[in-house]
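User: Could you walk me through the empty spaces in this model, and tell me how each label is earned?

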Amino acid sequence: MFDDWISDRYGRPEANLKLVPMNEPNPVEAAARVRAHWGIGSRPIGNAINLLETNGIRVFSLAEETRHLDAYSLWRDEKPYIFLNMTKTMERTRHDAFHELGHLVMHRHTGSKHKMAEFEADTFASAFLMPEEDLKAEIPYFRSLDHLIEKKRRWGVSAASLNFALNRIQRISDWNYRGNYIALGKIGKSVEPNPLPPETSQIWTKILRDLWTRGLPLSRIARELNLPEKELNDLLFGIASTLDKPQVEREPHVV
Ligand SMILES: [Zn+2]
C-alpha cells in the first residue's frame with residue numbers, strides 16, 4: 001500500500017487518540033476530551049486536515065468511484081485513517097472529517113453500524129467544531145440569519161451547522177431554528193453562503209516536494225508499487241496542494 005511505502009521513508013506523527021474509555025457514549029463529552037487531550041481548549045479549528053495529521057490520523061481523499069460517499073474511516077495496524085470527499089464544500093468536508101473522528105474515537109470497538117452511531121458522530125462533529133463555551137461567548141443571542149452567515153467563518157462550519165449547534169445549546173429557539181432551516185434550504189443544498197477557502201495538508205505538500213527533488217514523482221512510485229498512477233493521484237486529490245511538478249523544478253524552455 002502507498003501509505004506503507006511513505007511510512008518506510010518519512011516519519012509522521014504517531015496516533016494521539018488514547019483516551020480514557022467512557023461508560024456511556026456521550027458525543028459532546030467525547031469531543032471535549034479529544035480537544036483537551038490535544039491541548040486546543042475551546043479555540044476554533046483552523047486547518048482541519050493539519051490538526052488531524054498532527055495528531056497521527058492519516059488523511060486521504062476518496063477515489064473517484066467512491067465519491068458517492070461523504071467520507072469513511074478505519075483503523076489499520078493501530079493507525080487511524082480518514083478518507084474525505086474533497087469535491088464537496090469545505091464546510092461539508094470539515095464536518096465529515098470530525099464526524100469520522102467521532103467514529104474512530106467512539107465506535108472503534110462497538111462498530112458504527114448501530115442505529116445511533118450516525119447521530120452520535122454528527123453530534124461529536126458539531127461539538128468538536130463549535131464548543132459550547134465559545135459559541136455562547138460569541139453569540140450571546142440570536143440576531144438574524146445574516147449574522148449567522150457572517151459568524152460561521154469563525155468556526156469554519158456551514159450556516160446550517162451553526163444553526164443546528166445554536167439550537168442544540170438552546171441559544172436559538174425551535175421556532176427560529178426552523179425559520180433559518182427553511183431559508184437556508186431555499187439558497188440550495190450544495191451552495192454555501194460566505195464559503196471557506198479550500199484547505200490542504202502541510203505534511204503531504206512537504207513530502208511530495210521532497211519526493212520531487214529526489215526525482216521520485218508519483219508516476220515512478222506508482223510504477224514501483226505496481227499501481228495505476230491515477231490511484232495515487234486520487235488518494236491525494238484536494239489533500240496535497242502541489243500534485244504537479246513544483247515551479248522551481250520546471251525545466252528551462254528551449255528557445
Ligand atoms: Zn458516519
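Analyst: Happy to; we will take the cavity and then the pockets of this predicted model.

User: Why is the space lined by Arg12, Pro13, Glu53 and others called a cavity?

Analyst: A 1.4 Å probe fits there but cannot get out, so the space counts as a cavity. Its lining comprises Arg12, Pro13, Glu53, Gly56, Ile57, Arg58, Val59, Ile203 and Trp204. The volume is about 60 Å³, and the search of the whole structure finds one cavity of 30 Å³ or more. Both β1 (58-61) and α10 (202-213) supply at least two lining residues.

User: What makes one residue in the lining of the largest cavity polar?

Analyst: Gly counts as polar here, so Gly56 is the polar member of that lining. The rest of the lining divides into five nonpolar and three charged residues.

User: How do you know that Arg92 belongs to the lining of the largest pocket?

Analyst: A lining residue has an atom within 4 Å of a grid point, so Arg92, as one of the 42 lining residues, meets that cut-off. Arg92, His95, Asp96, Asp122 and Ser161 lie nearest the centre of this pocket, whose volume is about 1200 Å³. Helix α4 gives the largest share of the lining, eight residues. By class, the lining has 15 nonpolar, 15 polar and 12 charged residues.

User: Which residues lie nearest the centre of the second largest pocket?

Analyst: They are Leu17, Leu104, Val105, Arg108 and His109, out of 29 in the lining. That pocket holds about 730 Å³, and α4 again gives the largest share, here three residues. Its lining divides into 13 nonpolar, six polar and 10 charged residues.

Definitions and conventions
Residues numbered from 1 in each chain as written. Predicted model: local features only at pLDDT ≥ 70, side-chain atom pairs only at ≥ 80, totals over all residues. Heavy atoms only, no water. 1 Å grid on protein atoms, 1.4 Å probe; cavity = no way out; pocket = protein on both sides within 12 Å on 5 of 7 lines; lining within 4 Å. Points joined across faces, edges and corners; volume = space filled by probe spheres on them. Helix = DSSP H or I, 4+ residues; strand = E, 2+ residues; numbered from the N terminus.
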